[in-house]
Amino acid sequence: MVLNNTGYAIVKPCAQTLIQSAVDLDNLIDKIYAALIRGGWQFNSFVTNGRRLLGTSPQGLKVFLDLTKDTPFGYQTLCINLKSLITGIVSPRYVLDFRVEYSWRVISYPCGFFISRPGVHGDARGSAICGGIPRTPTNCSLDLAQGVSDVWFSFGDGLGPGVDIAANPRINIDDGVKNIFNQFGSYNGHAAPINNILRKDSPQILRLSSAGADSGTPGCHPTLITGEDIVYPAFISWPNPLQSPHIIRGQIYNAAIWSSSRQGDQAANRDGYDWISYTDAYTWGTLMLLTTTPISLGNVAF
Amino acid sequence: MSTPIGLNGITLQSSQRANNQISTVLGQENDGIDRIKDTLLKISWKFIEDVKATSSIFAPFGWGYLSFLSNVVTIDGTKFVFYDPAYQSPPSGPDIFPVSNASGSSAGAQSNLASAISATGLVNATIQDDQNIILTATGYGTAGNGISIIGQGSVSVTHDTAGGGWKIQSRSQTLLYGRGNTDRILLTVRSGAPSGSTQLDFEIDGQIVNYRMAQGIWELYANDFSVYFREIGQLVGGLDIYRLNTNVWGCLPLVPDNFPISSSAFVAFGSGFLTSIGQSNSFNQVESWVDGTRITNAQGQGGFSLVCYHNEAERIFDITGQPLLQPALLSLFVSFLGESRIVGCIPDAFIYSDYIPIDQQVFMADGLYYRSMEFSNSATFGTLFMTTGETVGNPVPPPPPPPQSFTGIASVDGANLTYTSGDQYTPAMDGKSVTILFDNSIHTIHFVDPTHLTLVPPGPTGLSTSIQITL
């Protein structure tokens with residue numbers, strides 16, 4: 001079967017929350033917590049310095065999200081970890097820097113979330129975190145997903161003051177043009193390996209583009225000559241072990257890749273859905289996210 | 001979900017493979033040239049004309065030297081010998097052709113020699129200028145190659161006739177599928193010069209790309225819109241699906257008719273170890289055309305490449321650990337956009353997200369059999385598979401019969417087309433399309449009588465041209 005005509009993976013509800021400001025870090029944490037709950041995450045328990053939420057995908061897969069306050073860089077900041085229910089594997093600790101003048105966008109649905117600061121490409125102190133459970137294939141070209149009990153991914157840009165930002169879907173969709181260390185995935189209780197040298201060995205969203213090797217000035221975008229995008233599923237992949245084939249672990253819900261380079265935070269409508277660009281100005285494509293609950297429930301990814 | 005518009009791959013089911021059948025070895029080149037022609041004509045390519053073999057001889061041939069008999073040239077064993085009838089009897093002998101040289105001028109001697117050579121019927125001699133005579137074989141296509149020409153003048157050289165072959169043309173997608181690519185490949189396959197080499201001339205949009213095939217055994221893959229030559233034994237690894245080596249490939253991508261271009265094509269080739277491009281070019285090269293604008297040697301991300309799921313370090317597999325199958329989207333540099341864009345897809349092909357050694361695996365997809373044509377085993381791992389027309393196990397469905405076509409010569413004068421030769425016209429042609437091969441323009445026909453048609457829109461004026469009518 002030649003790969004074609006892949007569908008959207010949809011989960012309801014889908015909520016976009018704009019946090020125009022917060023009076024302090026605790027207030028920001030409360031507002032982000034509320035935004036996640038609004039998207040279908042469930043309160044699970046209190047944990048040290050915060051709360052634990054539970055995300056559940058339509059396929060019944062689950063992941064914990066710990067929303068806490070901590071001092072990883074010597075000052076208090078918002079922290080998010082994802083954690084496997086099966087083996088307890090924990091993602092890196094992602095951070096969001098707090099300033100009174102900052103605003104935030106949170107897009108959430110029952111098994112995923114995308115946080116960013118409108119107009120901000122990236123910040124080493126932390127401005128963007130995303131993650132969740134992808135839809136695993138069940139019945140089509142990527143068939144035979146048997147026995148999947150645990151699969152989730154997470155990204156964040158903040159590696160701390162004085163450090164370059166980490167690769168994440170806010171600035172790139174695939175291999176990353178920035179530091180690694182922060183891309184993470186868990187599949188059936190096994191953590192995605194992290195390769196400190198080969199960025200392309202780390203978890204990423206697949207990109208469709210020229211087979212030619214990357215160059216500093218590529219001179220092309222993977223779009224049709226008409227200027228139209230190729231729209232394709234946001235497949236998340238990583239190898240295991242290192243330096244082995246990238247395996248597609250699933251398709252990110254309520255998302256798609258548009259093959260053109262777009263500015264972040266731009267609203268659009270396509271196929272009757274409301275979208276916003278999460279990726280900001282990446283040559284090879286843009287991760288687009290649903291911003292509203294679609295009227296018709298799709299979930300026809302595979 | 002939205003999909004690449006019309007780019008999911010069309011299976012033409014017209015593919016043919018001529019494996020181990022194309023020899024360019026010295027002494028076998030005529031047979032190889034004929035096999036290339038025959039393979040392409042088996043599919044849907046159109047025979048245009050034969051190409052006559054040629055040679056040349058040049059002065060001094062002996063004219064002006066009147067006092068002795070002078071053997072000036074030997075053609076296929078026949079010696080053409082000057083004599084002066086005022087002083088000498090015509091020379092005679094089983095292999096001697098006497099040429100009168102009574103005029104006392106070089107021009108007269110040259111004219112007499114050309115007439116004498118033409119009288120043999122083996123070659124036609126044409127005076128090019130006062131120093132040169134062009135010899136054109138009368139034999140059809142490759143039959144005119146290899147006629148021995150031995151110059152006897154002080155600076156004449158031995159130069160057998162060469163260059164004989166065939167001119168064949170691919171279809172236009174507009175005629176066949178109503179799609180957006182009006183280009184055709186006009187391929188001339190002929191012996192090269194000096195004799196012993198085989199030459200391919202790809203003519204696209206009136207521009208010619210030459211490729212001299214190495215002496216060896218080649219295989220050929222072709223379909224309605226693509227012809228691919230590869231020398232067996234030169235299947236080296238490390239080929240790239242965005243840059244090609246040791247082979248030559250002319251292709252018309254399938255262009256959806258809603259794309260804002262009317263034509264596109266490419267010819268990709270490399271020097272490999274033994275071939276050469278023109279005189280000395282030894283670099284890999286891709287010539288591409290978009291809307292008639294030719295771009296030379298733009299490869300990789302900014303030029304010719306295939307588009308697929310990309311990773312510069314690892315293969316990309318699905319969740320079961322199997323490679324992906326993807327449409328073979330083609331990206332070419334588009335001058336009016338200043339960057340490379342997707343212009344269409346490779347017909348009868350797909351991309352497999354792992355590398356498979358060239359020519360060594362038959363793969364079945366969509367009920368057709370495919371063969372690995374190109375691969376990359378580094379940045380963006382992948383293999384380009386193309387249908388080959390081969391049957392392994394279950395038979396491949398037979399190709400659909402090509403549309404019935406009529407060909408001939410006609411005079412075209414605006415809206416009026418008048419029969420000259422070839423197939424006469426029938427009422428069944430009314431409302432069908434005619435292609436005027438002079439400019440590849442396409443017109444709707446209205447039948448008048450067996451020797452007259454009218455054209456909409458009108459064609460060129462005052463033109464005698466080959467035409468092709470497709471029913």
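# Chain A and its contact with chain B

Student: How many residue pairs are in polar contact across the interface of chain A and chain B?

Tutor: The rule finds 21 such pairs, both residues at pLDDT 80 or more. A polar contact is a pair of N or O atoms within 3.5 Å; within protein, one must be able to donate a hydrogen and the other to accept it, and residues adjacent in sequence count only if both atoms are side-chain atoms. This is a predicted model, where local features need pLDDT of at least 70, side-chain atom pairs count only at pLDDT 80 or more, and totals for chains, interfaces and linings use all residues. Residues are numbered from 1 along each chain as its sequence is written, chains are lettered from A in the order in which they are written, and side-chain values use heavy atoms, leaving out hydrogens and water.

Student: Which strand gives the largest share of chain A's side?

Tutor: Strand 15 of chain A, with five residues. Strands here are DSSP runs of E, at least two residues, numbered from the N terminus.

Student: And what classes of residue are on that side?

Tutor: The side of chain A that touches chain B has 28 nonpolar, 18 polar and nine charged residues. Ala, Val, Leu, Ile, Met, Phe, Trp, Tyr, Cys and Pro count as nonpolar, Asp, Glu, Lys and Arg as charged, and the others, Gly among them, as polar.

Student: Changing topic: how many strands does chain A have?

Tutor: Chain A has 22 strands, along with one helix (a DSSP run of H or I, at least four residues).

Student: What share of chain A is buried?

Tutor: Of its 302 residues, 62% count as buried (under 20% relative accessible area, 1.4 Å probe, protein chains only).

Student: Back to the interface: how many residues touch?

Tutor: 55 residues of chain A are in contact (heavy atoms within 4.5 Å) with 50 residues of chain B.

How values were computed
Buried < 20%, exposed > 50% of the residue type's maximum accessible area, 1.4 Å probe, protein only.
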